Amino acid sequence: MILLFGGTSETAEIASALAESGLSVLVSTATDAELNVGDHPLITRRCGRLDGLAMEALIADLGIRLLIDASHPYAIALHETVAEVAEKLLIPCLRFQRQHGKYDADNLFEVADHEEAAQLAASFGSPILLTTGSRNLRPYVKAAQEQGVPLFARILPHPDSEAACDEVALPENNRIFARGPFSIEQNRSLLADHRIGVMVTKESGAQGGVSEKIAAARQEDCLVVIVRRPELPSSCQRIYVDLDSLFDAVKELVS
């Protein structure tokens, strides 16, 4: 059996291709949020975050022989844990990494992390739309309050998202629960409706809808703050940026 760490839009394609080649696949996701993982009978899914010990136990219990980390580019803690466990147990580990997007616009500001993004976004004095998920709300709420600017967050409709908003006291009227992908027009409508002057996004690649966000922002005269991707752990040795290469590597390892 292959243990596939998913959670992104590529999850179903990867899992389905592996299953169609006759391989059993367990898709592991951090939450039980709605996600297409493929409907092949050889695909199963588990939900919940795993630390190193829990991951080791799961691998031993199910006789996992290959790990594929296709989780979000910003899930750096998971990348580290997967690589460390694979090295410890001497199990092959493949990392699928979305390619970086290429954006050419004069309304973009790239920053290193969420703290810097929050301070920069709030400094413009305009309403902010946060599209980076619910796990890093605190610095944005703090910066927006300090500068006296409205902050709206577009997040997944899930209890964990609601709890994260409650924890930082983000007003209910400023919570936009929605599930992507979002078109340019959908993004434009949201920016216009809330008179957004600054949008914050991660650099999550074409599959993450960044191009649509930037295009919408350009048309609505809105600034965009992009949080750069964190560096992958040095322990991630086998990294693939296209699915064909990933599948070829899997075939070599399980043949």
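Begin by selecting D221, which at 73% relative accessibility counts as exposed, because the cut-off for that class is over 50%. The model on the screen is a predicted one, and each stop below should be read in that light. D221 sits in the loop between α8 (210-219) and β11 (223-227), and its phi is near 55°, a positive value in a residue other than glycine. Most residues other than glycine have a negative phi, and most peptide bonds are trans.

From D221, step back along the chain into α8, the helix that D221 follows. Which residues of α8 are buried? Show V210, K213, I214, A215, A216 and A217, and you have the buried residues of this helix, a lysine among them. If you then display what surrounds these side chains, the elements that cover them include β6, β8 (151-155), α7, β10 and β11.

Of these covering elements, take α7 next and display it together with α8. The two helix axes come within 8 Å and cross at roughly 50°; since that angle falls neither in the parallel or antiparallel ranges nor between 65 and 115 degrees, α7 and α8 are oblique to each other. Viewed as a crossing, the arrangement of α7 and α8 is right-handed. To see the contact itself, select I184, N187, R188 and L191 on the α7 side, and E212, K213, A215, A216, A217 and Q219 on the α8 side. Coloured by residue class, the contact of α7 with α8 divides into five nonpolar, two polar and three charged residues. K213, A215, A216 and A217 were already picked out as buried residues of α8, and here they reappear among the residues that meet α7.

Now look at the loops on either side of α7. In the loop between α7 and β10 (198-202) lies R195, where phi is near 50°, again a positive value in a residue other than glycine. R195 is exposed, with a relative accessible area of 71%. In the loop between β9 (175-177) and α7 (184-193), select P181, and then include G180, for the peptide bond from G180 to P181 is cis, with omega near 10°.

The next stop is β6, which was met above among the elements covering the buried residues of α8. How many aromatic pairs are there? The count comes to one, and this pair is formed by F109 and F124, whose rings lie 5.3 Å apart from centre to centre, with 45° between the planes, a tilted arrangement. F109 belongs to strand β6 (residues 108-111), while F124 is in the loop between α4 (114-123) and β7 (128-130), so that the pair links distant parts of the chain, 15 residues apart. Both partners are partly exposed: F109 has a relative accessibility of 30%, and F124 has a relative accessible area of 31%.

For the last stop, move to helix α2 (residues 52-62) and helix α3 (residues 76-89), which pack at an angle of about 50° with their axes 10 Å apart. These two helices are therefore oblique to each other, and α2 passes α3 in a right-handed crossing. Select G52, M55, E56 and I59 of α2 with L78, T81, V82, V85, K88 and L89 of α3 to bring up the residues that make the contact. The residues of this contact divide into six nonpolar, two polar and two charged.

Definitions and conventions: Residues numbered from 1 in each chain as written. Predicted model: local features only at pLDDT ≥ 70, side-chain atom pairs only at ≥ 80, totals over all residues. Heavy atoms only, no water. Axes fitted to C-alpha atoms, helices over the stretch in contact; angles between N-to-C directions. Helix = DSSP H or I, 4+ residues; strand = E, 2+ residues; numbered from the N terminus. Parallel < 35°, antiparallel > 145°, perpendicular 65-115°, else oblique. Left-handed = near helix turned anticlockwise from the far one by under 90°. Contact = heavy atoms within 4.5 Å. Nonpolar A, V, L, I, M, F, W, Y, C, P; charged D, E, K, R; others polar. Phe/Tyr/Trp six-rings, centres within 6.5 Å; stacked < 30°, edge-to-face > 60°. Buried < 20%, exposed > 50% of the residue type's maximum accessible area, 1.4 Å probe, protein only.
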